[in-house]
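Reader: Please take me through this model, with attention to its packing, its backbone and its charged pairs.

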Amino acid sequence: MERSQLSREIIETCLEMTRLGLNQGTAGNISARYDNGMLITPTGIPYEKLTESHIVYVDAQGRHEEGKLPSSEWRFHQAVYQTRPEANAVVHNHAVHCTAVSILNRPIPAIHYMIAAAGGNSIPCAPYATFGTKALSEHVAVAMRDRKATLLQHHGLIACEQNLEKALWLAQEVEVLAKLYLATLAVTEHVPVLPDEEIAIVLEKFQSYGLRVEE
């Protein structure tokens, strides 16, 4: 895909993320794998003001093109691409329910079979580190080793997938799961969860289920 087209898709995904209520202001960031590196949203520019020329290229060594500043979170985007070679898009936001669960420093357990959309029986919560730091990217790499999504303690959510559309879809699904989890925690501390055996069945069914967005 040409750079200008992919940059436009990144911007449209940012705008859709806001329309879905998954992010506030300039808090989140989105990237797509491109040319041995990635294209990523810049730092501090509201989504509605973005143009294709604002999107920043960062190479595999973490060097960004001159005259532009990438999102301060570019390191954990890079960590996801290095950890998940099948991922071509990363979505990060501060969705309210995901962030609330992250403040509790809890993974989201298998309260619903859709947990398997993220690749396992839980959505982990990566330990806290200051935003934009190498330490945070290292925590993300560990959390995403066998998952497509993770919470970040006292921070928010990261989701990755094969393309931007799927990554945003997954981010929204995790936000729904976080909302459900908080609702059930309000009733009981001992929230019922599905057994690992059932999640294994669902993971297998998802291999051919209609979750796949057509390319």
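What follows is a set of questions and answers on this predicted model.

Reader: Which element gives the most residues to the largest nonpolar core?

Author: The largest nonpolar core holds 46 residues, and Ile10, Ile108, Leu151 and Val174 touch the most other members. The elements that give two or more residues to this core include α1 (3–19), β1 (29–34), α3 (96–103) and α6 (196–205). The element that gives the most, with 10 residues, is α5.

Reader: Which residues does Val174 touch, not counting residues up to four places away in sequence?

Author: Val174 belongs to the largest nonpolar core and is among the members that touch the most others there. With residues up to four places away in sequence left out, the partners of Val174 are Cys98, Ile108, Ile123, Ala149 and Leu157.

Reader: How many residues are in the other core, the one that lies apart?

Author: This other core is separate from the largest one, and among its members are Ile40, Trp74, Val90 and Val140. Its residue count is 19.

Reader: Is Lys166 buried or exposed?

Author: Lys166 lies in helix α5, which spans residues 164–185. Buried means a relative accessible area under 20%. The relative accessibility of Lys166 is 6%, so this lysine counts as buried.

Reader: How far apart in space are Lys166 and Ala89, C-alpha to C-alpha?

Author: In sequence, Lys166 and Ala89 are 77 residues apart. Both residues also have a contact partner in Glu161, which touches Ala89 and Lys166. From C-alpha to C-alpha, the distance between Lys166 and Ala89 is 8.4 Å.

Reader: With which residue does the side chain of Glu161 meet in a salt bridge?

Author: Glu161 is in strand β7, and at 10% relative accessibility it counts as buried. Its contacts include Ala87, Asn88, Lys148 and Leu170. The salt bridge, at 3.0 Å from N to O, is with Lys148.

Reader: Where does Lys148 lie, and how many residues separate the pair?

Author: Lys148 counts as partly exposed, because its relative accessibility is 24%. The salt bridge of Glu161 and Lys148 links distant parts of the chain. Lys148 is in the loop between α4 (134–143) and β6, and the separation of the pair is 13 residues.

Reader: Which parts does the salt bridge of Arg106 with Glu189 tie together?

Author: The closest N and O atoms of Arg106 and Glu189 are 2.8 Å apart. Arg106 is partly exposed, with a relative accessible area of 23%. The two residues sit in separate loops, so the pair ties together parts 83 residues apart in sequence: the loop between α3 and β5, and the loop between α5 and α6.

Reader: In the salt bridge of Arg63 with Asp59, which residue counts as buried?

Author: The closest N and O atoms of this pair are 2.8 Å apart. Arg63 has 54% relative accessibility and therefore counts as exposed. At 14%, the residue that counts as buried is Asp59.

Reader: How many salt bridges does a search of the whole structure find?

Author: Some salt bridges share partners, and these join Arg3, Glu65 and Lys68 into one network. Over the whole structure, the search finds 11.

Reader: What is the phi of Asn105?

Author: Asn105 is in the loop between α3 and β5 (125–126). It is partly exposed, with a relative accessible area of 39%. Although Asn105 is not a glycine, its phi is positive, at about 55°.

Notes:
Residues numbered from 1 in each chain as written. Predicted model: local features only at pLDDT ≥ 70, side-chain atom pairs only at ≥ 80, totals over all residues. Heavy atoms only, no water. Helix = DSSP H or I, 4+ residues; strand = E, 2+ residues; numbered from the N terminus. Buried < 20%, exposed > 50% of the residue type's maximum accessible area, 1.4 Å probe, protein only. Core = buried A, V, L, I, M, F, W, Y, C linked by side-chain atoms within 4.5 Å. Contact = heavy atoms within 4.5 Å. Salt bridge = Lys/Arg side-chain N within 4 Å of Asp/Glu carboxyl O.
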